Amino acid sequence: MTMGNTGGRRKPPTIHDVAREAGVSRGTVSRVLNGGHYVSPAAAEAVNAAIRKTGYVVNRHARSLITGRSDSVGFLLTEPQERFFEDPNFNVLLRGCTQALAAHDIPLLLMLAGTDDERRRITRYITAGHVDGVLLVSSHSGDPVAEELRAAGVPLVACGKPIGLGSKVSYVAADDRDGARDMVRHLLALGRRRIGVVTGPLDTPGGVERLAGYKEVLREAGVEIDERLVVSGDYSRASGEAGAERLLARAPDVDAVFVASDLMAQGVLTALHRAGRRVPEDVAVGGFDDSPAAVAASPELTTIRQPWDRISTEMVRVLLAQMGGEDPAAVILPTELVKREST
């Protein structure tokens, strides 16, 4: 008995189907798909309407063989894998960049490189042409990735100003120093004078700039900077907890703590609670980021809001411009003080 084809799968539409529907040649469709050069507006409109009607999907692999481009972008996080899952900022940034690139029909590839071996492998993969550009997150001084990609001519945009590369690499950053100044001014206005700080890593731009803002405002207010009140962390919750324990041991009279990330601030709250210190009555606590960790904290954190939506959108905009041949660019975005229960 001969089976009919009613149960068979429908063949996906091809470029020939699009050309036939649009009433143009296959070559015209191909030119539209590859940027629309030498195509009249009327023909381009007809092709795009035919694509929508037929449901045609571009074969990216085939097109990459012709154009030499991968039509994809890498999101490169140079931190251990566990940090990606612990720190909510990375997920917020990844989601924003993915959405911004989706508007251009460009997929985003997540790349995690927390060790030297991983960084070497990822760098080889990128410089072999498997992505057209890179969004680099969490670059530390001495990390060779940014310089190697720049030297290889790979379009690159960093989140935060890469230390030591100056204007050689595009970057988008929140104004870390100004945000820190706003937080310390707020704590001073509350009457706090023994203000400690748990810094971010001091080999990262955020760590350096937030500490600088803290010290600048204390100097302006005539408050002596006591180095016993300065401890370092690595943006993890555990480092915030350990930092608060060091602060309490060094300076039991501490009456406020500026913490360089909300996740670390959660750890600070844990340590203060364990030591019997009330927040904010005994010790006021201010964070940085306005990440989901800020509202998950108890009490909810006063913090500095980074404009994550704008940061991700600008990173994609600057990267696409660089992929189109423009020179490196720098974008610095303002922050905002958000007052909650911890101060």
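This short presentation covers one helix, one buried strand residue, several salt bridges and a surface patch in a predicted model.

Good morning, colleagues. I shall begin with helix α3, which runs over residues 41-54. The helix has 14 residues, and from its first C-alpha to its last it reaches 20 Å, close to the 20 Å expected at 1.5 Å a residue. Which residues of α3 are buried? They are A43, A44, V47, A50, I51 and T54. Viewed down the axis of α3, these buried residues fall within an arc of 125°, so they line one face of the helix. That face packs against two other helices, since the buried residues of α3 pack against α1, residues 15-22, and α2, residues 26-33. The other side of α3 carries exposed residues, namely P41, A42, E45, R52 and K53. After the helix comes G55, whose phi is positive, near 75°.

I turn next to strand β4, residues 156-159, where V157 is found. Is V157 buried or exposed? Its relative accessible area is 0%, so V157 counts as buried. Leaving aside residues up to four places away in sequence, V157 touches V134, L135, L136, S170, Y171, V172, M315, V318, L319 and Q322. As a distance for orientation, V157 and A249 are 41 Å apart in space, C-alpha to C-alpha, and 92 residues apart in sequence.

My third topic is charge pairing. The model has a count of 23 salt bridges, and I have chosen three for discussion.

The first example is in helix α1. The side chains of R20 and D17 meet there in a salt bridge, at 2.6 Å from N to O. Both residues lie in α1, 3 residues apart, which is about one turn of the helix. R20 is exposed, with a relative accessible area of 62%, whereas D17 is partly exposed at 23%.

The second example is in helix α9, residues 176-189, which holds both R181 and D178. Here too the partners are 3 residues apart, about one turn of the helix. The closest N and O atoms of this salt bridge are 3.2 Å apart. How does burial compare with the α1 pair? R181 has 18% relative accessibility and therefore counts as buried, the limit being under 20%. D178, by contrast, is partly exposed at 26%. This pair does not stand by itself: R177, D178, R181, E209 and E216 are linked in a network of salt bridges.

The third example is the salt bridge between R274 and E245, whose closest N and O atoms are 2.3 Å apart. This pair links distant parts of the chain, with R274 in helix α12, residues 262-274, and E245 in helix α11, residues 237-250. The two residues are 29 apart in sequence. R274 is partly exposed, with a relative accessible area of 47%, and E245 is likewise partly exposed at 40%.

Finally, I come to the surface. Which residues make the nonpolar surface patch of about 230 Å²? The patch is made by I163, L202 and V208. Of these, V208 lies in helix α10, residues 205-220. With 34% relative accessibility, V208 counts as partly exposed.

To close, I would recall two points. The buried residues of α3 line one face of the helix, and the R274 and E245 pair links distant parts of the chain. Thank you for your attention.

Terms used
Residues are numbered from 1 along each chain as its sequence is written. This is a predicted model: local features need pLDDT of at least 70, side-chain atom pairs count only at pLDDT 80 or more; totals for chains, interfaces and linings use all residues. Side-chain values use heavy atoms; hydrogens and water are left out. Patches are made of residues with over 30% relative accessible area and no salt bridge: like charges are joined within 9 Å, nonpolar side chains (Val, Leu, Ile, Met, Phe, Trp, Tyr) within 5 Å. Accessible areas come from the Shrake-Rupley method with a 1.4 Å probe; for residues, only the protein chains shown count as cover. A salt bridge is a side-chain nitrogen of Lys or Arg within 4 Å of a carboxyl oxygen of Asp or Glu. Helices (H or I, at least four residues) and strands (E, at least two) are DSSP runs, numbered from the N terminus. Buried means under 20% relative accessible area, exposed over 50%, partly exposed in between (1.4 Å probe, protein chains only). The expected span of a helix is 1.5 Å times one less than its number of residues. The arc is that of the directions from the helix axis to the C-beta atoms. Contact means heavy atoms within 4.5 Å.
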